[in-house]
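The exercises below are to be worked with the sequence and the structure at hand. Each task is followed by a solution in steps.

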Amino acid sequence: MPASMPDSELILCVLPSILALFLFLILITRKKQQYQIRGLNLPPGNMGWPFLGETIGYLKPYSATSIGEFMEQHISRYGKIYKSSLFGEPTIVSADAGLNRYILQNEGRLFECSYPRSIGGILGKWSMLVLVGDMHRDMRTISLNFLSHARLRTHLLREVEKHTLLVLGSWNENSVFSAQDEAKKFTFNLMAKHIMSLDPGEPETEQLKKLYVTFMKGVVSAPLNLPGTAYRKALQSRSTILRFIERKMEERVKEGSDNIGEDDLLGWVLKHSNLSREQILDLILSLLFAGHETSSVSIALAIYFLAGCPNAIEHLREEHTEIAKAKRKAGETSELNWDDYKKMDFTQCVISETLRLGNVVRFLHRKALKDVRYKGYDIPCGWKVLPVISAVHLDPLLFDHPQHFNPWRWQQSNNTRSSSSSASYSSMTSSHFMPFGGGPRLCAGSELAKLEMAVFIHHLVLNYQWDLADLDDHAFAYPFVDFQKGLQIRAQRQPDFP
């Protein structure tokens, strides 16, 4: 009787057959997709390799102030609307301003949010980023109610200024440090206080921050759930973070509903919503992610762009000195109020230009809910659709010299400081400028993000001069925006205004 084959040899013998079958099934699937879309007028493009498509090329890092070599080549060859295969799915990519706006305005009717499963796996199935339909609307309503205009004017403005001064006050004269880390510290401490009333510097806050850093590394990593990978570590950190939030929930519930405060989001949700425990946990985690990451990158980008534009810093310093002098003359405290914020006109130009040129959110994930026809092209039902926001913001047909940092382009009319290209961009703001998305999924925290940037800039220009300590450290898109060396700067105290 012949000896049985060892398991290892059996696997080696069978593996080629399994791989061959796997590739055969992929080819059959692709042929089926091609058959199903026969007769449709698809945009031109290239579907790339089986299974991988063109994903590797699309995600290759590039300068954040550009659209990258991949997009440039594809737009040049195929136009602003083209087909590809990305993230394992047949995809329509749009660098067309009109189509992008059409996609966002028809959310829930013709198109639907559709992020890769790995994002939902790490942020949670109840995360606002991945939810669709009525559940997303309900979660967004909760966020908007808590971030109401009245709350922004009072409580949140005070908290933003308090945390700004806390971070800026820790800067040592003439020392070199990471501005990106400081921006992250500012936004994390603010969101931890805003969401769960955690005070900066406390042991539990610092522990949560460490867990969150590990969590973030996994969010932006390859979704490989294997021992030792960043994704696996992030899933473990997620579990620990959720247990932390759950303990905070239990503490509030034990106090009784009548004693639950409404100063933070956790208390507000417990008191005013009917969400389940799991839904609250995912909501808190996703808002901590959304409120911290995008705002910190935006502030770091503003510091970076302003360092290369001394005229903008001078203009900002004049604006904020006038605000401070007016408060002193009126006998008011130095604490900012809403009227002060509304006077920061040029600051808003700087914020808009930072968001346009830096493009913190570069593209969005959508899918077609039905066959859609646009400009003679067909977008098949079920296909992924990627509206690329950065391609519109950096389009030379829409913005003069788009890769040049020019805050004056956002002013309503020319003045003595304006450059030749600073015509009114008011109509373009609504039509083509979409740093916070648009339609029913417009970012619920957009006004808070702009408030954070404005207050931080106010105290930064009044108190510090700074320069880049490493001129080779630029913002890159991975596709998330990051400074590889942390944006090292050297800061000096600014003399007090007279």
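**Exercise 1.** Locate F51 in this predicted model, and determine whether F51 is buried or exposed.

*Solution.* Begin with the position in the chain: F51 belongs to the loop that lies between α1 and α2. Next, consider the accessible area. The relative value for F51 is 54%, and exposed means over 50%, so F51 is exposed. Then examine the backbone: phi of F51 is positive, about 70°, although F51 is not a glycine. For comparison, most residues other than glycine have a negative phi.

**Exercise 2.** State which residues form a nonpolar patch on the surface with F51, and classify W49 by its accessibility.

*Solution.* The patch consists of W49, F51, L52 and I56, which together have about 520 Å² of accessible area. W49 is placed in the loop between α1 (7-36) and α2 (55-58). Because its relative accessibility is 64%, W49 counts as exposed.

**Exercise 3.** Find the strands that pair with β13, and name a residue pair for each.

*Solution.* Take β5 (residues 176-178) to begin with: three bridges join β5 to β13 (residues 488-493), and the two run antiparallel. In this pairing F177 stands opposite I489. Turn then to β10 (residues 464-468), which is joined to β13 by five bridges, also in antiparallel orientation. Here Q465 faces Q492 of β13.

**Exercise 4.** Describe the backbone of N174 and of the bond from Y478 to P479.

*Solution.* N174 is located in the loop between α7 (149-168) and β5. Its phi is near 65°, which is positive in a residue other than glycine. With 46% relative accessibility, N174 counts as partly exposed. The peptide bond from Y478 to P479 is cis, with omega near 15°. P479 lies in the loop between β11 (475-477) and β12 (481-483). As a point of reference, most peptide bonds are trans.

**Exercise 5.** Which side chain of opposite charge is nearest to E452, and how far away is it?

*Solution.* First place the residue: E452 is part of helix α18 (residues 446-463). Then search for the partner. The nearest side chain of opposite charge is R151, 12 Å away. A salt bridge requires atoms within 4 Å, and E452, which is buried, has none. Finally, list the contacts: setting aside neighbours within four places in sequence, E452 touches V160, F186, T187, L190 and S295.

**Exercise 6.** What percentage of the residues of the chain count as buried?

*Solution.* The chain has 498 residues, of which 51% count as buried. The chain exposes about 23,900 Å², and carbon and sulfur atoms supply 54% of that area.

Technical notes
Residues are numbered from 1 along each chain as its sequence is written. This is a predicted model: local features need pLDDT of at least 70, side-chain atom pairs count only at pLDDT 80 or more; totals for chains, interfaces and linings use all residues. Side-chain values use heavy atoms; hydrogens and water are left out. Two strands pair if DSSP finds at least two bridges between them. Helices (H or I, at least four residues) and strands (E, at least two) are DSSP runs, numbered from the N terminus. Buried means under 20% relative accessible area, exposed over 50%, partly exposed in between (1.4 Å probe, protein chains only). Lys and Arg count as positive and Asp and Glu as negative; His and the chain ends are not counted. Contact means heavy atoms within 4.5 Å. Patches are made of residues with over 30% relative accessible area and no salt bridge: like charges are joined within 9 Å, nonpolar side chains (Val, Leu, Ile, Met, Phe, Trp, Tyr) within 5 Å. Accessible areas come from the Shrake-Rupley method with a 1.4 Å probe; for residues, only the protein chains shown count as cover.
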